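Here's a quick tour of a metal site, a cavity, a pocket and a sheet. Have the viewer open as you read.

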Amino acid sequence: MTESELPDLGIHRIPIPIPFPQAGGPVNVYAIEEEGGGVLLWDAGLGAPDAEAALEEGFRRIGRRLADVSRILVSHGHVDHFGAARFVQERHGGGLSVQVHPADAGKVTEAGPTWAARAPLYSAHLARLGVAPEAIRRAEREGERSFSFSRRLPRVEPLRDGEVVRAREVTLTVRHMPGHTPGLVVLHDAEHRLLLAADHLLEKISPNPLIELGPGGEPGFFRPLVSYLDSIARTRALEVDLVLPGHGPPFAGHRAVIDRLVAFYGKRQERIRALVEGGPRTAWEIARELFPKAREAETFLVVSETVANLEVMEARGELRRTDVDGVWRFG
Ligand SMILES: [Zn+2]
Ligand SMILES: [Zn+2]
């Protein structure tokens, strides 16, 4: 199975430009032909004018219109994946169902918490991780910017683990793979050995385990990398010939990619072990050693990546955290 055979299965990849270089290139929307002439959308792309224009152009290329969309399945609650869902609903003329896993529904719906409500909780958490005040302010600005690329939806329907989605040529089973976000799902076509993996498995970049606080700002509500390593082990066991990722072209060899990824995290944890040998350090201190070249705009990303690894090491009993005057140190 190669990418050129996908149209025979009624699957069309539409790359959509996005302004986040660290995401791994344009985001992929997949248009999947349904029985009876409809088109199922797996993700919708970003809610920005050029992204929406690229989506319409992609539909023109495959000889379809957005009015043909029959339903939208959202892989996870990141703006580059659901941001244009409302635009598609409007083009379609209303009544178009959007499904997302319940654990990510709050990120996608109007009823979910706003950026303004969440920002103070995240800033307080970054302070607890030892991040300097000016870096926290940068992270706030960056967060606000990314929130601007979507319009939330009035309502969504649940998309649950084990649900079977039947399209014209393919039968897709929904698999909940928490990690990159709490509610990320992938679609597995066991017959054609395809995996629509979204950001769960990308060929060239690791999937950015981001800090996720609980409804009241509780830390430890979700440990992204602990969950991810469990999910990716389940993904490794799936029979897959071709991965259709959320960014970049389709690729084969999912087990080799997963093994490289697990080894990569092992190495990163080895580095952290060496960094805390001289005594406990904050996540921010460790992050700056691990990512000396990170751009200022990437503060939240690099701190998240660091904490995610610290949580894995903590879960294995390799280090522990101490709280000194409201700031955590790991060692
Ligand atoms: Zn994502
Ligand atoms: Zn993405």
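## The two-zinc site

At 5% relative accessibility, D199 is buried, where buried means under 20% relative accessible area, exposed over 50% and partly exposed in between, with a 1.4 Å probe and protein chains only. Keep in mind that this is a predicted model, in which local features need pLDDT of at least 70 and side-chain atom pairs count only at pLDDT 80 or more, while totals for chains, interfaces and linings use all residues. Residues are numbered from 1 along each chain as its sequence is written, chains are lettered from A and ligands numbered from 1 in the order in which they are written, and side-chain values use heavy atoms, with hydrogens and water left out.

So what does D199 do here? D199 bridges the zinc ion (ligand 1) and the zinc ion (ligand 2), which lie 3.4 Å apart. Here are the protein donors, meaning N, O and S atoms within 2.8 Å of the metal (3.2 Å for Na, K and Ca); water is not among the atoms, so sites may look incomplete.

| Metal | Protein donors | Distances | Angles among donor atoms |
|---|---|---|---|
| zinc ion (ligand 1) | H76 (NE2), H78 (ND1), H180 (NE2), D199 (OD) | 2.1 to 2.3 Å | 92 to 169° |
| zinc ion (ligand 2) | D80 (OD), H81 (NE2), D199 (OD), H247 (NE2) | 2.1 to 2.4 Å | 89 to 155° |

The zinc ion (ligand 1) has an irregular arrangement because its 4 donor atoms subtend angles of 92 to 169°. The site of the zinc ion (ligand 2) is irregular too. For the cut-offs, four donors count as tetrahedral if all angles lie between 85 and 135 degrees; four count as square planar and six as octahedral if opposite donors are over 155 degrees apart and all others between 65 and 115; anything else is irregular.

Along the sequence, the donor residues of the zinc ion (ligand 1) run H-x1-H-x101-H-x18-D. For the zinc ion (ligand 2), the spacing is D-H-x117-D-x47-H. In that second set, D199 sits in the loop between β10 (194–198) and α7 (224–237), and H247 in the loop between β11 (242–245) and α8 (254–275), 48 residues apart, so the pair links distant parts of the chain (helices are DSSP runs of H or I with at least four residues, strands are E runs of at least two, both numbered from the N terminus). H247 counts as buried at 4% relative accessibility, and H76 and H78 are both buried as well.

## Empty space

The count comes to 1 cavity of 30 Å³ or more, and about 90 Å³ of space lies in the largest cavity. Among its 14 lining residues, H125, I211, G220, V307 and E311 are the closest to the centre. On a 1 Å grid over the protein atoms alone, a cavity is a set of points where a 1.4 Å probe fits but cannot get out; a pocket is an open set with protein on both sides within 12 Å along at least five of seven lines; lining residues have an atom within 4 Å of a point. Helix α10 (residues 299–315) gives the largest share of the cavity lining, 4 residues.

The second largest pocket holds about 260 Å³ of space. α10 also gives the most to this pocket's lining, with 3 residues.

## A sheet

Six strands form an open sheet with mixed pairing, in the order β1-β2-β3-β4-β5-β6. Its edge strands are β1 (11–16) and β6 (157–158). Strands pair if DSSP finds at least two bridges between them; β3 (residues 39–42) and β4 (residues 69–73) do so in the parallel sense over 4 bridges.

How values were computed. Grid points are joined across faces, edges and corners, and a volume is the space filled by probe spheres set on the points.
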